[in-house]
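Hi,

Here is the structure I promised to pass on. Have a look at it first, and then read my notes below.

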Amino acid sequence: MKKILLYSFFGFVGLVVLSVLFFGVRQALAKVQVQREWQATPTSISNLRTTTRLEIIPLYENASTDESLDFGHGVSYLIRTDSATVLLDLGYNPNESPQLPSIQNMQMLGISWDEIDAIVISHPHPDHVGGVKAWQNKTISFGDFTGDLSNLPIYVPIPMLYSGAKMIHSAEPTLVGRDIGTTGVISFPEVFPVYLFDPKGHEQGLVIHVAGQGLVLITGCGHPTLEKLVTRAEALYGGQVVGVVGGLHYESASMDKVQPHIQFLQARHPKLIALSPHDSGPETLQAFQAAFPDAYQYVRVGETIQFP
């Protein structure tokens with residue numbers, strides 16, 4: 001009996017060691033692939049038009065001052081410019097409720113589906129595609145919404161299916177409106193526990209050129225890093241990033257780790273900084289607010305971020 005227990009113990013330890021080695025090697029290879037892909041810079045896009053206005057309405061976020069609106073860990077932003085209204089991400093549905101919280105909030109705010117020209121999914125994580133089930137099935141979820149989506153383009157960073165919808169997988173930078181473009185898909189080493197299923201993630205951000213101001217970058221989580229997203233936006237659209245809105249995935253990062261990113265932005269003298277509370281802690285938010293007191297705006301469900 002003792003021998004059986006001993007053999008079982010060593011077998012279990014061996015399995016753990018092999019698993020650690022397997023995932024470690026796979027993750028290291030993913031990092032090499034990510035770096036190699038980053039070196040292949042896509043062709044710049046010169047026909048992004050400017051907009052005189054930019055409005056961003058968080059439909060789902062981790063902060064709200066209105067108790068009638070649902071909020072939590074996740075992102076969904078409605079973005080309005082002169083020529084288009086785009087929905088970035090669908091947020092989370094932690095209880096898998098029949099009605100998706102972001103859509104419920106949209107209805108509470110009096111926003112109609114008819115005004116949305118396109119949907120963009122930044123990356124396929126549960127808190128951006130509408131829940132865990134959607135993520136598991138490599139799709140998106142609108143809850144019990146039964147409207148017609150057949151003519152509404154949905155731009156996704158990886159191949160994803162949704163019955164009755166016009167799903168467009170475009171890894172390259174794409175204009176989703178005359179004055180709204182994507183960064184194109186940028187790969188990144190996946191985060192735990194998602195990397196257990198896929199070692200490499202894919203994310204895209206949105207870029208808007210505000211007339212007389214510069215480029216504004218809107219992110220879902222910023223997994224590829226702030227520096228890569230900003231560098232890509234500037235290389236593609238021929239301007240300087242003067243605004244950053246959305247997630248940057250700093251979570252519980254120490255101030256020593258955050259400061260280089262703040263200094264990177266300070267060199268651009270930004271006019272708009274609005275950091276998402278869904279993936280960055282209070283200390284990080286306070287650090288960015290202190291560094292950019294005149295440019296900082298809060299990200300709260302239902303509260304419009306305007307620029308300029």
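Let's start with helix α5, where Leu226, Lys228, Leu229, Val230, Arg232, Ala233, Glu234, Leu236 and Tyr237 are buried. Before you go further, keep in mind that this is a predicted model. With nine of its twelve residues buried, α5 is mostly covered. From first C-alpha to last, the helix reaches 17 Å, close to the 16 Å expected at 1.5 Å a residue. Right behind α5 comes Gly238, which has a positive phi, near 65°.

Now for the core. The largest nonpolar core holds 29 residues, and Leu226, Leu265, Ile273 and Phe288 have the most contacts inside it. At least two core residues come from each of β13 (214-219), α5 (226-237), β14 (241-246), α6 (255-266), β15 (272-275) and α7 (282-291). The biggest giver is α5, with six residues. If you want one residue to click on, try Ile273: leaving aside residues up to four places away in sequence, Ile273 touches Val244, Leu265, Phe288, Phe292, Ala295, Tyr296 and Gln297.

Next, the sheet. There is an open sheet of seven strands, with mixed pairing and the order β7-β6-β5-β4-β3-β2-β16. At its edges stand β7 (166-169) and β16 (305-307); each has a single partner strand, so one side of each is left without a neighbour in the sheet. On average, neighbouring strands here are turned by 20° against each other, direction ignored. For a closer view of one pair, go to β3 and β4 (residues 85-88): these strands run antiparallel and are joined by four bridges. Opposite Leu87 in β4 you'll find Leu78.

Last, helix α2, which covers residues 101-108 and has Pro101, Ser102, Ile103, Asn105 and Met106 as its buried residues. What do the buried residues of α2 pack against? They pack against β2 (54-60) and β3 (76-80), and both strands belong to the seven-stranded sheet above. The helix lies across β2 and β3, running at about 125° to β2. Just after α2 there is another glycine with a positive phi, Gly110, at about 75°.

That's what I have so far. Happy browsing!

Terms used: Residues numbered from 1 in each chain as written. Predicted model: local features only at pLDDT ≥ 70, side-chain atom pairs only at ≥ 80, totals over all residues. Heavy atoms only, no water. Core = buried A, V, L, I, M, F, W, Y, C linked by side-chain atoms within 4.5 Å. Buried < 20%, exposed > 50% of the residue type's maximum accessible area, 1.4 Å probe, protein only. Contact = heavy atoms within 4.5 Å. Expected span 1.5 Å × (residues − 1). Pairing = 2+ DSSP bridges. Axes fitted to C-alpha atoms, helices over the stretch in contact; angles between N-to-C directions.
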